[in-house]
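Ready for a short walk through a structure? Open your viewer, keep the selection tool at hand, and follow along one stop at a time.

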Amino acid sequence: MKKSILFFLTIIFLSCAIVKNQKTNPFTGTFQVIVLDIEGVGDVPGVLTISKSIDEYTSKIVYKDDGVDTEMEILSSYEIDDSTFMIEAYVDGMQVDFELNFEDDSISGMASGIYEVEGSRTSK
């Protein structure tokens with residue numbers, strides 16, 4: 001009887017340890033973002049959604065263009081390290097690369113190496 005109780009407690013302890021050690025992906029979810037001070041345009045708010053299949057990320061960025069929701073053409077999305085994410089997109093005839101840094105539920109980074117990007121998670 002003692003062996004079965006000990007075995008049962010060991011299984012519970014190990015399963016709790018495994019669940020506790022599983023990290024949530026910092027990149028996946030929905031985020032409210034804003035690209036700041038674009039020349040001739042000003043601040044451009046948008047919604048960034050990132051999902052992941054087994055080994056591939058999919059990103060979607062929707063922003064307002066003259067009051068109309070517009071979806072950016074995403075070329076690729078990938079992680080650089082455990083806190084940095086790249087999105088290569090095509091906007092208004094040119095490629096725009098977003099280098100985004102994720103910390104907790106906040107995003108900071110750059111678009112095209114020129115424009116500052118800020119954001120926060122709205123859902124997981």
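Here is a tour that begins with the whole chain and then moves from residue to residue.

**The whole chain**

Before you select anything, keep in mind that this is a predicted model. Colour the protein by secondary structure, and you should find one helix and nine strands. Follow the chain from the N terminus and the helix comes up ahead of the strands, in the order α-β-β-β-β-β-β-β-β-β.

Now switch on the surface. The accessible surface of the protein comes to about 8,600 Å², and carbon and sulfur atoms hold 56% of that. Of the 124 residues, 27% count as buried. For contacts in the protein with a separation of 6 or more, 29% are between residues 24 or more positions apart.

**Stop one: Gly-42**

Select Gly-42, which sits in strand S2, a strand covering residues 42–52. Which residues does Gly-42 touch, leaving out those up to four places away in sequence? Show the surroundings and look for Val-35, Leu-36 and Asp-37. Gly-42 counts as partly exposed because its relative accessible area is 26%, which lies between the limits of 20% for buried and 50% for exposed.

**Stop two: a patch of negative charge**

Keep Asp-37 in view and add Asp-43, Glu-116 and Glu-118 to the selection. These four residues gather in a patch of negative charge on the surface. Pick out Glu-116, and you are in strand S9, residues 115–123. Glu-116 is partly exposed, at a relative accessible area of 43%.

**Stop three: two aspartates with positive phi**

Some background helps here: most residues other than glycine have a negative phi. Go to Asp-66, in the loop that joins strand S3 (57–65) to strand S4 (68–71). Its phi is near 55°, a positive value, and the residue is not a glycine. Is Asp-66 buried or exposed? With a relative accessible area of 78%, Asp-66 is exposed.

Next, jump to Asp-92, found in the loop between strand S6 (84–91) and strand S7 (94–103). Asp-92 has a positive phi too, of about 50°. Asp-92 is exposed, with a relative accessible area of 70%.

**Stop four: the salt bridges**

Side chains of opposite charge can pair when their charged atoms come close. How many salt bridges are counted here? The count comes to two, so display side chains and visit each pair in turn.

Start with Lys-64 and Asp-69. Their closest N and O atoms are 2.9 Å apart, and the two residues form a salt bridge. Lys-64 counts as partly exposed at 47% relative accessibility, while Asp-69 is exposed at 51%.

Then select Asp-105 and Arg-121, whose side chains meet in a salt bridge with an N to O distance of 2.8 Å. This pair links distant parts of the chain, 16 residues apart: Asp-105 is in the loop between S7 and strand S8 (106–111), and Arg-121 is in strand S9. What differs in how they are covered? Asp-105 is partly exposed, with a relative accessible area of 36%. Arg-121 counts as buried because its relative accessibility is 15%, under the 20% limit.

**Last look**

Zoom out with these residues still highlighted. Strand S9 holds Glu-116 as well as Arg-121, so it makes a good place to rest the view.

Notes: Residues numbered from 1 in each chain as written. Predicted model: local features only at pLDDT ≥ 70, side-chain atom pairs only at ≥ 80, totals over all residues. Heavy atoms only, no water. Patch = residues over 30% accessible without salt bridge, like charges linked within 9 Å, V, L, I, M, F, W, Y side chains within 5 Å. Areas by Shrake-Rupley, 256 points an atom, 1.4 Å probe, with all protein chains shown as cover. Lys, Arg positive; Asp, Glu negative; His and termini not counted. Charge placed at Lys NZ, Arg CZ, Asp CG, Glu CD. Helix = DSSP H or I, 4+ residues; strand = E, 2+ residues; numbered from the N terminus. Buried < 20%, exposed > 50% of the residue type's maximum accessible area, 1.4 Å probe, protein only. Contact = heavy atoms within 4.5 Å.
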